[in-house]
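Hi,

Here is the structure I said I would pass on. Have a look at it first, and my notes follow underneath.

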Amino acid sequence: MTDIHLPQPFSHDLSLPAWGPYSKKYNGISHIPDIARGIRFDLSVFPGYYRHRVNVPHTQWESGYHPWEAAPGLDFFSYRYDLEWKDQVYCDVAFFPWSGDEKSARLVRCEFVNNTSQVQHTVLHYMAYLDFPPLRAYSEEAVIPADMHLPPGAIWIDALDYNDLQYATTRPSDTLVYEGWLRGEVRNHGFVNGTGIGENFGVEAGDKVCYSRSIQDALADGLMLVRYRAAAKQVAFTTYGLPNPVLTFAQSEDFALVPIALGAVPAGDFTFELISQGGAALELDGFVLLEAGKQGQVHFSPHRWNPMPASQSGPKQNTLLLEYLETPVTYGLAWGGKYSEVRQFFSSEIDRSLPYYVTDHVKKVITTDGGGHFTNIFIRPVIVESHSQVVLYGLVCQGEEARVREMLRDFDPNSHDLEIAYHNARKMVVNLPTNPSGQTYLFSLERMAATLLTNVIYPLYTQRSYIRHFTPGKRWDCLYTWDSGFISLGLLHIDLTRAIDCLNAYTTPPGDTQAAFLHHGSPVPVQIYAFQELWNRTQSRELLEYFYPRLRQFYLFLAGRLGSSTTRSLQSNLLKTWDYFYNSAGWDDYPPQVFVHQNQLENRTTPVVTTAHAIRTAKILQQAARALHLPEDDDDYQTDIDAFTSALQRYAWDADAAVFSYVIHDASGHPAQILRHENGENFNLGLDGISPLFAGICNPEQEQRMIERMTSSAHMWSPIGLVSVDQNASYYRTDGYWNGAVWFPYQWFLWKALLDLGHGDLALQMAHTALELWKNEVEETYHCFEHFIVASGRGSGWHQCGGLSTPVLAWFNAYHQPGTLTCGFDTWIDSLTIPEDQSSLQAFLQHAAGEQPWLAIAVLDADRTYTLEWNGTPIEPRLRFPGVMEILLTGSGLLQIRSV
């Protein structure tokens, strides 16, 4: 069994160092001085030309750099910066720990390479700055909290520390609050912690919130101050547990305090409840409990973030200390290079200001809008002779001032030990073992590995805390449920610990009444698929026991059986998630989905894919329940599987079109008709229409006809893979986002289904086509695109996508990485043993789909020949490549592979 770590049950953070590629602004290295505060120190390091062009590496758009290499755990990562394309003039910038103090310092190695016949005069920029917690996702505006000043003995009860908050009218999101926030939570300027109660709380009579707080010391003459804002108009609340039966909040556009005389308050539990009488919204920040005589000592004031450090010269040349009022530590910088100067930019950005002043050789203090501060170490010129390289080292460190001075003094940018440290650190970079058949894909997949591992941001606010978070691309400064499921699937092949962390981030403890799971975007339960892959890799009982109840909670909500879920609100047992997001399955412009929204049919129209995912994830969890000996759960899933399967077969199958269909329901919620295009054509000729293939519910005729559609070049197959919408449909487009494009996620679902169904040729064709497509594009551009345009065969969308493009790692693993066993969704690997030399394999496989033949793919050492037995009977595999065996099996049993 593979070594694993159990995640922290109430944490959604990643087990990563304080140093990492966490910036959401300019690319480089970041340090988190205090993870609870949401403040980030950034050092962006990037090259340019002397008194000439400079590309500032912004993480939010394409700006001339590429994630190049990375180690699991981020103790090494590097980027390639283009100066002259392609590979003519470039700079590789690497970050890794300094042996002098691995927690406190990181080395910065910049290697300029000149492959031209001309001498190049280049420069190197260090840009140091602080970044403050944002007001909201995608915003560069920092939230401005209130600083609170309380006298000794006073108690602050944050408004969000409630026992319960309920709206008078229930909402679909009551137990699936978006972004993992709390019911009623808002984020805005002026709250003590930047967050409080709002979200139209109090508008409707009956909205209520309850509190209970243990008071350690009694109050002789107690007073409670309620900090609130009622911007629209006055609103009154009925109270319980307080002397005032009615509490009136006067209209106030700014935060105000309402005093409530409590009299003597004994030690112990202090409990009260507020129930709105309706009519206006109230924002609650919190409550101060104190002795009445100290009321005058309570003050609140806006916190003004100070981005400007006190700068001091370090202990020797080319060293600098930066002390920020907002951080508990001092930062230090040291750098090599013969000529350099220190400049300051008083600006909110350097995208325009740095290029504008690139030729200025006089100013050391440059002021534009004054909205922020950057300390610029400007190393110039760096002369790189023809066909040569120049390496410059630097150091960034943090700690108490005395320790920082000591590190700066000890650092020698010309020490030969630095190169030794670099080569040792680089040994930790992701290694993708491969048989000879996979060698051709290594370059492109190493770029994917680097992209995936470095797409981490901080701070992201969820569950009342700031966390580090894997993002599909730094363009997305937020949670993303279905993308992150694929991130976890991708990480499984390169960093098991972070794969577990990423999966854990989106689950919540059983019984959570606010968030059945962390939800943002398309509510596709990829996390359940990711767990099956995690189990099949590790067979970890501890992980199974930990994740099963969390994933069951996730499933029950999507199946319409938990809390406020409305997914099963119709009478057909067909599911819909329109109340939670516009996108049923991640495919933004999928034609029938667009039509449903344009015609406001959300309350009575169901897609196919939501129910298909419910069936497949129920089957996966059913396997887990059997492994845990939970027969009641086993039967429970089977009831759902039967109901959902019957609904799709009865109401959604269109025998003429040979696809499953969107179904329109009548006013009473009963199925009425299939959704058709205005020309009478079934509106679901695409991925949604064939999604029951991966649910495993099709009869042989349906299976054959849908696979024919899927593999026909006149319909869904293209030279670059499976298209999202049938190319023969009247609503197919060549200029869409999903419509007219090839994406990998649903190809992965369908590829796994092909293994379940025994279609080895088609499965290999799908995987090989995708790997070749990926290889060609990455080698051409060094970009990891999110999708590919059918009309051109080229990559498009976000250029550093570490989310939905990760199936390339799974396909490489399945067909080319020795020491692996891959099966479809119907197979649960009870046990798996492969020795280090990858010369044999033994596995006990539980198959859940009866006697239908199914496929397993075993990859072992390519230089050996093998004999195979299934339940003691010799069998012959299909040899796809040396060491790569495709094995057709039936039922459950013991698979044994031995080298001859």
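**What I found, starting with the cavities**

Of the elements around the largest cavity, α10 gives the most to the lining, with four residues. Before I go on, please keep in mind that this is a predicted model.

In total, the structure has four cavities of 30 Å³ or more. The largest cavity holds about 90 Å³ of space. If you want to display its walls, select Pro523, Val524, Pro525, Tyr555, Leu558, Thr577, Ser584, Thr610, His613, Ala614 and Thr617. Two helices, α8 and α10 (609–627), each put at least two residues into that lining. What sort of residues are they: nonpolar, polar or charged? Six in the lining of the largest cavity are nonpolar, five are polar and none is charged.

The second largest cavity has about 50 Å³ of space. Around it you will find Met710, Thr711, Trp717, Leu754, Leu762, Gln765 and Met766. Here α14 (700–711) and α16 (760–781) are the elements that give two or more residues to the lining, and α16 has the largest share, with three. The lining of this second largest cavity splits into five nonpolar residues, two polar ones and no charged ones.

**Rings and charges**

Next, the aromatics. Searching the whole structure turns up 70 aromatic pairs. One to look at is Phe557 with Tyr580, which is edge-to-face, with 5.4 Å centre to centre and 75° between the planes. Phe557 belongs to helix α8 (residues 541–558), while Tyr580 is in the loop between α8 and α9 (591–598), so this pair ties together parts that are 23 residues apart in sequence. Are the two partners, Phe557 and Tyr580, buried or exposed? Both Phe557 and Tyr580 are buried.

Arg447 is worth a click too. This arginine lies over the face of Trp68, 4.3 Å from the ring centre. The charged end of Arg447 also sits over the ring of Phe443, at 4.6 Å from its centre.

**Cysteines**

How many disulfides are there? The count comes to zero. Take Cys91: its closest cysteine sulfur is the one in Cys110, and at 4.9 Å that is too far for a bond. A disulfide would need the two sulfur atoms within 2.5 Å. Seen from the other side, Cys110 is in no disulfide either, and the nearest cysteine sulfur to it is that of Cys91, 4.9 Å away. Cys91 counts as buried because its relative accessibility is 0%. Cys110 is likewise buried, with a relative accessible area of 0%.

**One proline in a loop**

Last on my list is Pro245. You will find Pro245 in the loop between β16 (235–240) and β17 (246–249). With 58% relative accessibility, Pro245 counts as exposed. If you draw a C-alpha to C-alpha distance from Pro245 to Leu274, you should get 9.7 Å, and the two are 29 residues apart in sequence.

If you only have a few minutes, I would open the largest cavity, with its space of about 90 Å³, and then go to the Phe557 and Tyr580 pair.

Cheers

Methods:
Residues numbered from 1 in each chain as written. Predicted model: local features only at pLDDT ≥ 70, side-chain atom pairs only at ≥ 80, totals over all residues. Heavy atoms only, no water. Phe/Tyr/Trp six-rings, centres within 6.5 Å; stacked < 30°, edge-to-face > 60°. Buried < 20%, exposed > 50% of the residue type's maximum accessible area, 1.4 Å probe, protein only. Lys NZ or Arg CZ within 6 Å of the ring centre and 35° of its normal. 1 Å grid on protein atoms, 1.4 Å probe; cavity = no way out; pocket = protein on both sides within 12 Å on 5 of 7 lines; lining within 4 Å. Points joined across faces, edges and corners; volume = space filled by probe spheres on them. Nonpolar A, V, L, I, M, F, W, Y, C, P; charged D, E, K, R; others polar.
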